[in-house]
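Trainee: I am new to this structure and would like a close look at a single part of it. Please take me through that part step by step.

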Amino acid sequence: MSRRYRKTVGVLLLALVLATAIYIVPGLPGVPRSPAELKLAVIAEVGDPLVCTGWGIPNASFSPYTEYPRIVANLPTYLAILRHTKLPPGPLTDDQVVTVYRAWLKLEAVHLEWRGGYYDFKEFPAHAHPEALVDDTVGKVDLFGRVYDVHGGPDMGACPICLPGVSRVATPDGPVPVAQIKEGMRVWSVDSQGRRVAAAVIQTVARNDAPGSRLIHIVLADGRELTASPPHRLADGRALGSLRPGDQIDGARVLRVDAVSDSGGHTYDLLPSGETGEYWADGILLQSTLH
């Protein structure tokens, strides 16, 4: 056996020992845990969180296989998931990658805030209808995974089905951010013949997003861009999350469809009066989720 070969084998063995130590030691009693492990402790205590990422939408942006490299890059989180799911710290099958991805989605849906010695946590509990509003659950978790002071929080939220507050709604007085639209204001809508008409806003809604929520960002070839929740529908009935590059919107080709998380924690929607309940946001005609 050559000296170079022995050195290579030695390095590999050392790497294996280190990886095994990193894999095992954080799970031992008395050892402070990573944020991912603390989130797993919260989930074990209070139940699964509401998961919104990719909710009901067959979009490639939410593929386990595209997200997997990013999950692996965060080694403490990745190893915590492997320990939790009892998977080996080595090459995984496709089904095992999906298992890791699903666990990662749950971690993303639990919010931790450091308080100097412990974390405050917040999650919206999982339920059968992710679009329905639900009270949040809050509490504390210390560095060793002890969960305490669990109680209902002050907020209600759900998976986002609307627009971020900065989205500009077309009105007779010019574009207005949707967060500033009030009942009684006039916006541009369309009638049943597709003609543009001024309509009064008869309802608005603002809702908290569950932690870990993602939105869809659409870029069109004519320069228009729209960010909204995956289930939000175009005027023709297509959900934004179902779109792919190359699809057409109002005669313009879709260039990009990306998953983003920049909603500011809230999403908004409105319902114009009239026959269709449709309105323009960032130059794209949408259905209202309130219609």
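Mentor: Tyr118 touches Glu113, Lys140, Val141, Asp142 and Tyr148, leaving aside residues up to four places away in sequence. Bear in mind that the model is predicted. Tyr118 belongs to strand 2, which covers residues 118-123. Its relative accessible area is 23%, so Tyr118 counts as partly exposed, because that class lies between the 20% limit for buried and the 50% limit for exposed. Tyr118 and Leu143 are 25 residues apart in sequence, yet their C-alpha atoms are 6.1 Å apart in space.

For a setting with another degree of cover, turn to strand 10, residues 215-220. This strand is mostly covered, with six of its six residues buried. Leu215, His217 and Val219 point one way from strand 10, while Ile216, Ile218 and Leu220 point the other way. The residues of both sets are buried.

Strand 10 also has partners. It runs antiparallel to strand 13 (residues 252-260), and six bridges join the two. Within that pairing, Val257 of strand 13 stands opposite Ile218. Strand 11 (residues 225-228) is antiparallel to strand 10 as well, joined to it by four bridges. Here His217 has Thr227 in strand 11 as its bridge partner. Strands 10 and 11 make a hairpin, with four residues between them. In the turn of that hairpin, Gly223 has a positive phi of about 100 degrees.

Key. Residues are numbered from 1 along each chain as its sequence is written. This is a predicted model: local features need pLDDT of at least 70, side-chain atom pairs count only at pLDDT 80 or more; totals for chains, interfaces and linings use all residues. Side-chain values use heavy atoms; hydrogens and water are left out. Buried means under 20% relative accessible area, exposed over 50%, partly exposed in between (1.4 Å probe, protein chains only). Two strands pair if DSSP finds at least two bridges between them. Contact means heavy atoms within 4.5 Å.
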